[in-house]
Amino acid sequence: MKPILILYFTKDGHTKKIASVIKQNIESKKYLVDLLEISMIPSGFNFEKYESIVLGMPVRYGNINKKVYDFIRNNYSKLINKKLYLYIVCLSARKSEKRKVENSKYYLKFIQKSKLSFVKSEIFAGVLCYPKYNFFDRTMIRFIMKLTGGETDTTIPYLCYTDWEQVNLFSNEILS
């Protein structure tokens with residue numbers, strides 16, 4: 001089997017952490033995996049050596065970063081003939097009903113805008129790390145969390161809502 005390529009974009013590092021766990025899971029089954037940050041891919045990158053590509057990206061303030069869309073636009077013809085897998089990291093997915101792709105407005109918007117088809121897609125819950133955020137982000141995220149019934153205590157250093165079993169199952173589905 002050809003190597004698998006995991007591409008991710010991250011803002012605070014958690015999407016990369018999930019990508020790394022997926023990579024470890026796949027490598028533990030003796031598959032070759034390359035892991036790259038989307039904004040670090042050089043022009044002329046050889047996608048041909050990969051049969052499957054995993055794309056990972058976070059949602060921030062209801063949007064996926066423009067760099068992800070730029071990457072897709074610039075590489076669309078190289079991506080459409082691959083087996084594509086997608087995961088989106090979103091703090092609202094801390095609620096189980098928001099982890100379903102059919103319930104995710106972010107997923108639906110991404111699919112429509114990217115015009116890509118995926119073999120499998122998942123929505124993973126992210127992390128809340130108030131001390132790491134700048135003043136603006138901390139204030140905005142706290143406001144959003146208040147509106148959605150989430151944690152608003154900014155002294156809590158780190159809350160991880162990611163369901164790691166969901167990540168492990170997704171990793172296995174990439175290989176099936």
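This is a chat about the pockets, cores, cavity and cysteines of a predicted model.

Student: What is the volume of the largest pocket?
Tutor: The volume of the largest pocket is about 710 Å³.

Student: How many residues line the largest pocket, and which lie nearest its centre?
Tutor: The lining has 34 residues. Nearest the centre are Val59, Arg60, Cys90, Leu91 and Ser92.

Student: Which helices and strands each supply at least two residues of that lining?
Tutor: Three helices and two strands do: helix H1 (14-27), helix H3 (105-114) and helix H4 (135-147), along with strand E3 (52-60) and strand E5 (83-90).

Student: How do the residues of the lining divide into nonpolar, polar and charged?
Tutor: The lining of the largest pocket has 15 nonpolar residues, 10 polar and 9 charged.

Student: And the second largest pocket, how much space lies in it?
Tutor: About 170 Å³. The second largest pocket is lined by 14 residues, and Ile38, Ile41, Phe71, Asn74 and Asn75 are the closest to its centre. By class, its lining comprises 6 nonpolar, 5 polar and 3 charged residues.

Student: Switching to the core. How many residues has the largest nonpolar core, and which have the most contacts inside it?
Tutor: The largest nonpolar core has 31 residues. Leu7, Ile53, Leu55, Phe71 and Phe110 have the most contacts inside it. Phe71 also appears among the residues closest to the centre of the second largest pocket.

Student: Which elements give two or more residues to this core?
Tutor: Strand E1 (4-8), E3, helix H2 (66-79), E5, H3 and strand E6 (120-125). H2 has the largest share of the core, with 5 residues.

Student: What is Leu7 in contact with, leaving aside its neighbours within four places in sequence?
Tutor: Leu7 is in contact with Leu36, Ile38, Ile41, Phe47, Ile53, Val54, Leu55, Gly56 and Phe71. Of these, Ile53, Leu55 and Phe71 are also listed with Leu7 for the most contacts inside the core.

Student: How many residues are in the other core, the one that lies apart?
Tutor: That core has 18 residues, among them Ile6, Tyr8, Ile18 and Ile22.

Student: Back to E3. Is Ser52 buried or exposed?
Tutor: Ser52 lies in strand E3 and is buried, with a relative accessible area of 1%. Not counting residues up to four places away in sequence, Ser52 touches Met1, Pro3, Ile4, Leu5, Lys83 and Tyr85.

Student: And Ser121, buried or exposed?
Tutor: Ser121 is in strand E6. Its relative accessibility is 10%, so Ser121 counts as buried. Beyond residues up to four places away in sequence, Ser121 touches Leu86, Val101 and Tyr107.

Student: How many cavities of 30 Å³ or more does the structure hold?
Tutor: The structure holds 1 cavity of 30 Å³ or more. The largest cavity has about 40 Å³ of space.

Student: Which residues line the largest cavity?
Tutor: Its lining consists of Gly62, Asn63, Ile64, Tyr69, Tyr106, Lys109 and Phe110. Strand E4 (63-64) and H3 each supply at least two of them, and H3 gives the most, with 3 residues. The classes are 4 nonpolar, 2 polar and 1 charged.

Student: Where is Lys23 found, and what is it in contact with?
Tutor: Lys23 is found in helix H1. Apart from neighbours within four places in sequence, Lys23 is in contact with Ile6, Val33 and Leu35. Ile6 belongs to the core of 18 residues.

Student: How far apart are the C-alpha atoms of Lys23 and Ser171?
Tutor: They are separated by 8.0 Å, while the two residues are 148 residues apart along the chain.

Student: Last topic. How many disulfides are there?
Tutor: The count is 0 disulfides. Cys129 is in no disulfide, and the nearest cysteine sulfur to it, that of Cys160, is 11 Å away. For Cys160, which is also in no disulfide, the nearest cysteine sulfur is that of Cys129.

Student: Why does 11 Å rule out a disulfide for Cys129?
Tutor: Because a disulfide needs the two cysteine sulfur atoms within 2.5 Å, and the nearest one to Cys129 is 11 Å away.

Student: Are Cys129 and Cys160 buried or exposed?
Tutor: Cys129 counts as buried at 12% relative accessibility. Cys160 is partly exposed, with a relative accessible area of 32%.

Methods:
Residues numbered from 1 in each chain as written. Predicted model: local features only at pLDDT ≥ 70, side-chain atom pairs only at ≥ 80, totals over all residues. Heavy atoms only, no water. Buried < 20%, exposed > 50% of the residue type's maximum accessible area, 1.4 Å probe, protein only. 1 Å grid on protein atoms, 1.4 Å probe; cavity = no way out; pocket = protein on both sides within 12 Å on 5 of 7 lines; lining within 4 Å. Points joined across faces, edges and corners; volume = space filled by probe spheres on them. Helix = DSSP H or I, 4+ residues; strand = E, 2+ residues; numbered from the N terminus. Nonpolar A, V, L, I, M, F, W, Y, C, P; charged D, E, K, R; others polar. Core = buried A, V, L, I, M, F, W, Y, C linked by side-chain atoms within 4.5 Å. Contact = heavy atoms within 4.5 Å.
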